[in-house]
Amino acid sequence: LAINCPGRIRVGARMLGHWFDGDGYLVTLSLDGNSKEANVNGRYVRTSRFKAQEDKNMEKEAVKNVEPPLAFSGAWTKAGMGKWWENFIRIPENPANTATIWLPPLQLSSDVLRSPRLFALCEGGHPIEIDPISLDVLNGEQPFQSSPKSSKQQIAASYFSAHFSQDPNTNNIYNHGYILDPSPFSTPRINLMKFSPEGFLLHQKQSYMPYNTFVHDATISQNFYLYFVMPYTVPSGIDLIPFILGKEPLGGGMRWRGAPSIGNEGHGDGLKSYLHVHSKNNLSLDWKVEMPNPVSVYHIVDAFEEKRDQELHLKVRVAELFSDPPADRTKLEKQFANQYAVPSGERLHAKLREYTFLLCANGSGNLLASKDISSGQSSSEYKVGSVACEYPITNQVGTENRLRYVWINTLSPPKINPNGDEKLSDWFDGVQKVDLNFGELSSQIISFGEGTYCGPPYFVPKRRLSGYSPTEHDEDDGYIVIFLYRSERHSSDVAILDSKTMRNLCMMELDFH
């Protein structure tokens with residue numbers, strides 16, 4: 001198992017402009033059933049920007065107590081000491097900090113086989129290959145390309161987004177990337193990509209967007225690849241001038257331009273949100289469905305197609321920053337800029353939501369229904385899951401049956417203060433298995449003690465015998481792996497739960513964070 005996240009969000013005493021600008025920190029966990037040994041390894045991704053900063057830090061004797069100049073720029077962070085001349089025409093550098101992808105080994109010759117290949121991902125750059133054992137960088141940023149044996153040689157025409165989708169039937173990989181084009185006369189575009197299970201580019205197609213924006217996550221259904229287009233816009237044309245001149249970072253020009261919420265009338269100018277639905281076969285945009293209200297979604301749970309007489313319904317489940325009236329993304333991004341500065345009780349969280357769309361044969365479509373997904377109640381009668389969650393993970397055993405379960409980060413039930421008031425944790429300190437069909441059958445929240453906080457859950461399916469074909473009944477048959485932060489001793493542990501019962505099977509205590 002390999003996970004990746006922003007591990008360094010400050011350099012010395014200098015806080016970076018956004019958590020997404022943090023240097024990637026890669027952790028691997030390996031379990032050997034024969035020797036009954038576990039190995040955990042963690043290391044920063046040695047990108048060119050990380051190494052340049054390490055060299056610059058050597059120039060400072062007490063780097064912890066000073067604000068050193070930065071050797072790199074991020075999407076929300078200015079280089080140097082933030083002066084305009086240090087950032088003039090300076091492009092943000094890839095922090096390699098969001099996710100990983102494993103690809104099968106390459107056959108070097110008839111009798112030589114490489115080990116599986118590991119890559120660190122971030123939507124602000126191309127994949128970076130990592131040695132799975134030492135965690136050294138093997139190759140710098142390199143776009144994926146077509147197989148050397150292909151008659152048509154192609155190179156990915158865009159960055160490779162942080163979250164990819166893999167078809168459980170074909171093992172083909174789908175991803176997308178924003179097309180960077182500063183011209184004021186260009187039309188916003190996204191690049192859709194389809195790869196073989198080995199990571200070779202099979203097909204790519206550019207598709208027009210209604211405005212310039214990043215797409216963080218997407219998902220697949222039986223026949224489609226889909227994502228939400230949200231009006232948190234990226235500067236383009238003349239709006240790029242402050243960035244080009246080094247006056248502000250690129251992220252400083254990003255704006256929420258959705259319909260304003262009450263009390264935030266000046267924060268939006270009425271751009272719509274859309275669902276884009278592409279064919280998995282040729283990546284063509286088959287439907288563009290306008291949403292009645294702006295949506296703010298970082299992560300999508302799943303999508304499933306249902307035939308209703310002569311109609312095609314598409315059901316999409318998400319972890320959404322949802323409110324009524326519609327949320328203003330500006331507050332969420334301010335929260336990401338400095339998580340420590342968020343007042344207690346005011347932290348924004350996503351909730352599980354479901355959207356049902358009608359897709360017509362003539363290319364038109366519309367939203368039929370939307371609803372919250374209830375995940376039942378804990379023993380303290382506190383409703384969970386649907387009101388505070390993130391990082392949904394599923395076990396995609398196939399596309400023929402709709403998924404029933406999702407595992408999420410969430411908040412433990414509120415604690416009662418001495419004065420009788422309820423108090424929720426400000427940070428995710430629990431994990432839960434949510435039954436998407438029968439909310440009342442969802443598990444209780446599993447937490448790990450006072451001052452212990454949970455990283456995202458990871459689903460590991462149980463190994464199957466050769467020739468075994470999984471069914472819908474095996475969807476929750478596996479393990480949930482969670483990295484825990486023990487704040488009182490500033491170290492990490494690894495918990496392994498039975499994904500069916502959520503029983504704690506193993507706790508590995510680490511002597512480092």
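What share of the contacts in the protein with a separation of 6 or more comes from residues 24 or more positions apart? I began my notes with this point, and the share is 55%.

**Entry 1. Overall content**

I record at the outset that the model is predicted. I looked up the secondary structure and found three helices and 34 strands. I then turned to burial: of the 513 residues in the protein, 51% are buried.

**Entry 2. The largest nonpolar core**

I next asked which residues have the most contacts inside the largest nonpolar core. They are Phe228, Leu314, Val316, Phe357 and Leu359, in a core of 20 residues. I listed the elements that give two or more residues to this core: β15 (224–229), β18 (274–279), β19 (285–290), β20, β21 (311–320) and β22 (351–359). The largest share, four residues, comes from β21.

I followed Val316 further and set aside its neighbours within four places in sequence. Val316 is in contact with Leu226, Phe228, Ile300, Asp302, Ala303, Arg353, Glu354, Tyr355 and Phe357. Of these contacts, I note that Phe228 and Phe357 also appear among the core residues with the most contacts.

I also noted another core, which lies apart from this one and has 13 residues. Met209, Ala218, Tyr225 and Val229 are among them.

**Entry 3. The hairpin of β18 and β19**

Both strands contribute to the largest core, and I therefore examined how they pair; β18 and β19 run in the antiparallel sense, over five bridges. I found that Tyr274 has Glu290 in β19 as its bridge partner. The hairpin has five residues between the strands, and there Leu283 takes a positive phi near 70 degrees.

**Entry 4. A sheet of four strands**

In what order do the strands of the open sheet of four strands stand? I read the order as β10-β11-β12-β13, with antiparallel pairing. β10 (165–166) and β13 (201–208) stand at the edges and have a single partner strand each, so one side of each is left without a neighbour in the sheet.

I then examined the pairing of β12 with β13, which is antiparallel and extends over seven bridges. Within it, I noted that Phe195 has Leu201 of β13 as its bridge partner.

**Entry 5. Gln154**

Is Gln154 buried or exposed? I located Gln154 in the loop between β9 (137–139) and β10. Its relative accessibility is 15%, and buried means under 20%, so Gln154 counts as buried. Neighbours within four places in sequence aside, I found Gln154 in contact with Gln145, Ser146, Leu201, Leu202, His203 and Gln204. One of these, Leu201, is the bridge partner of Phe195 noted above.

**Entry 6. Cavities**

I looked for enclosed space and found five cavities of 30 Å³ or more. The largest cavity has a volume of about 100 Å³. Of the 13 residues that line it, Glu123, Gly177, Tyr178, Phe214 and Val215 are the closest to its centre. Two elements, β11 (173–178) and β12 (189–195), give two or more residues to this lining. The largest share, three residues, comes from β11. I sorted the lining of the largest cavity by class and obtained seven nonpolar, four polar and two charged residues.

For the second largest cavity I noted a volume of about 80 Å³. It is lined by 12 residues, and those closest to its centre are Ala303, Phe304, Gln396, Gly398 and Asn401. Strand β20 (residues 297–308) gives the largest share of this lining, three residues. By class, the lining of the second largest cavity divides into four nonpolar, six polar and two charged residues. I note that Ala303, listed here, was also recorded as a contact of Val316.

**Entry 7. Tyr479**

My last entry concerns Tyr479, which I found in strand β32 (residues 478–486). Its relative accessible area is 31%, and Tyr479 is thus partly exposed. Which residues are in contact with Tyr479, leaving aside its neighbours within four places in sequence? I listed Tyr458, Phe459, Val460, Lys462, Ile496, Leu497, Ser499 and Leu505. I also looked up Lys500, which is 21 residues from Tyr479 along the chain; the C-alpha atoms of the two are separated by 7.9 Å.

How values were computed:
Residues numbered from 1 in each chain as written. Predicted model: local features only at pLDDT ≥ 70, side-chain atom pairs only at ≥ 80, totals over all residues. Heavy atoms only, no water. 1 Å grid on protein atoms, 1.4 Å probe; cavity = no way out; pocket = protein on both sides within 12 Å on 5 of 7 lines; lining within 4 Å. Points joined across faces, edges and corners; volume = space filled by probe spheres on them. Nonpolar A, V, L, I, M, F, W, Y, C, P; charged D, E, K, R; others polar. Core = buried A, V, L, I, M, F, W, Y, C linked by side-chain atoms within 4.5 Å. Buried < 20%, exposed > 50% of the residue type's maximum accessible area, 1.4 Å probe, protein only. Contact = heavy atoms within 4.5 Å. Pairing = 2+ DSSP bridges.
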